[in-house]
Amino acid sequence: MARHTKIYERATYYDIVFDRDVSSQIEFARAAYKRHNGGELNSILDICCGPGYHARAGARAGMRAVGLDLRPEMIEFAADAGARDGVDVEWVVGDMCDFALSAPVDVAFCVYDGIDALLTPEDLTAHFRAVAANLTTQGLYLIECIHPRACSYFHYGVHTHRGQRDGTEVEFVVGANHPVFDPITGTAQVRLDLHVRKNGILTTYTDEASEHIYSAPEIQLIADRSGSLDVVAWHGEMDLNQPFDNAPEATSMLVLLQKRD
């Protein structure tokens, strides 16, 4: 499993760039669960949660919420943010391929290309089995990845995100080294640059790790191979009416998997 530790341990700077309202995504999960399960969504798990945006939003919506991340710095930041929000979230430092919650959840999230840290079919298989083991009966797993036209084996691209808060300016660059994928392993060495300007002083943090971009057929095949999850829907956005296709409105590759009976 790939680990960009030097960048993701700087949770405060990450949050300056990526802090956002994800309440509409919680509502999408609620609607998807109703469609595919017929029941009300009562609990969620935010995998690779970082600052815990989805876990905190789920808790604000009255759900039992869990946030899981490998980086203790992210979990500490998320817990502090949750305390300021006045929400009750269970925070867990753990490996996305090997974890056990105190109780199963109805829906798990892994957004913003979190699964690209899983470099091999064996990694993704172990991950799918771990997720399924922590889902309720017919629970759903929602994975969001970048649309292939924006990032693929043949064109990774350079993706720049910016934010500022209280006089601190942050620029987060993904793919600063113009990554090229190995045609056999399907992995690329990806450099992340974090530029922080604070009190007029510019500091740059750099990290490199391997990534694997998963295609829809790969996810379908490995889910089946795992024996634990079935693909039930593809969407191009967190909108039940938006298919995963090449239309401009499809900005993501979003797959819904359901725990196998």
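**Figure 1. Leu142 and its place across from strand β11.** In this predicted model, Leu142 stands opposite Leu256, a residue of β11. The two strands concerned, β5 with residues 135–146 and β11 with residues 252–259, pair in the antiparallel sense, and seven bridges join them. Another residue to find in this view is Ile143, whose bridge partner in β11 is Val255. Leu142 also appears in the list of residues with the most contacts inside the largest nonpolar core, together with Phe28, Ile44, Val107, Phe109 and Phe172.

**Figure 2. Strand β11 and its pairing with β10.** Strand β11 also pairs with β10, again in the antiparallel sense, over six bridges. Here the bridge partner of Ala233 is Leu256 in β11, and Leu256 is also the residue that Leu142 stands opposite. Is β11 mostly covered or mostly open? Strand β11 is mostly covered, with seven of its eight residues buried.

**Figure 3. The open sheet of seven strands.** Read across the sheet, the strands follow the order β3-β2-β1-β4-β5-β11-β10, and their pairing is mixed. The edges are formed by β3 (90–93) and β10 (229–235), and because each of these has a single partner strand, one side of each is left without a neighbour in the sheet. On average, neighbouring strands of this sheet are turned by 20° against each other, direction ignored.

**Figure 4. Two helices that lie across the sheet strands.** Helix α6, made of residues 121–133, lies across β1 (43–47), β4 (105–110), β5, β10 and β11, and runs at about 135° to β5. Helix α7, made of residues 216–226, lies across β10 and β11, and runs at about 155° to β10. Strands β10 and β11 thus appear in the description of α6 and again in that of α7.

**Figure 5. Helix α2, the largest nonpolar core and the surroundings of Phe172.** Helix α2 (residues 11–18) is mostly covered, since seven of its eight residues are buried, namely Ala11, Tyr13, Tyr14, Asp15, Ile16, Val17 and Phe18. In soluble globular proteins, nonpolar side chains tend to be buried together. The largest nonpolar core of this model has 47 residues, and α2 gives the most to this core, with six residues. A second, separate core has 32 residues, including Cys110, Leu135, Cys145 and Ala216. Which residues does Phe172 touch, when those up to four places away in sequence are not counted? Phe172 touches Ile7, Tyr8, Val17, Phe18, His159, Thr160, His161, Leu192, Asp193 and Leu194; Val17 and Phe18 are among the buried residues of α2.

**Figure 6. A network of salt bridges around Glu9.** Side chains of opposite charge can pair when their charged atoms come close. Glu9, Arg10, Arg71 and Glu73 are linked in such a network of salt bridges, and the model as a whole has a count of 15 salt bridges. The side chains of Glu9 and Arg10 meet at 3.3 Å, N to O, while those of Glu9 and Arg71 meet at 3.5 Å, N to O. Glu9 lies in the loop between α1 (5–8) and α2, and Arg71 in the loop between β2 (64–69) and α5 (72–85), so this pair ties together parts that are 62 residues apart in sequence. Glu9 is partly exposed, with a relative accessible area of 30%, and Arg10 is also partly exposed, at 25%, whereas Arg71 counts as buried at 18%.

**Figure 7. The salt bridge between Asp193 and Arg191.** The side chains of Asp193 and Arg191 meet in a salt bridge at 2.8 Å, N to O. Asp193 counts as buried, at 6% relative accessibility, whereas Arg191 counts as partly exposed, at 26%. Asp193 is also one of the residues that Phe172 touches.

**Figure 8. Cysteines without a disulfide.** A disulfide is a covalent bond between the sulfur atoms of two cysteines. How many disulfides does the structure hold? The structure holds zero disulfides. For Cys49, the closest cysteine sulfur is that of Cys48, and because the two sulfurs are 8.2 Å apart, they are too far for a bond. Cys97 is likewise in no disulfide, the nearest cysteine sulfur being that of Cys48, 9.1 Å away. Cys49 is buried, with a relative accessible area of 5%, and Cys97 is buried as well, with a relative accessible area of 18%.

Conventions
Residues numbered from 1 in each chain as written. Predicted model: local features only at pLDDT ≥ 70, side-chain atom pairs only at ≥ 80, totals over all residues. Heavy atoms only, no water. Disulfide = S-S within 2.5 Å. Buried < 20%, exposed > 50% of the residue type's maximum accessible area, 1.4 Å probe, protein only. Pairing = 2+ DSSP bridges. Helix = DSSP H or I, 4+ residues; strand = E, 2+ residues; numbered from the N terminus. Axes fitted to C-alpha atoms, helices over the stretch in contact; angles between N-to-C directions. Contact = heavy atoms within 4.5 Å. Core = buried A, V, L, I, M, F, W, Y, C linked by side-chain atoms within 4.5 Å. Salt bridge = Lys/Arg side-chain N within 4 Å of Asp/Glu carboxyl O.
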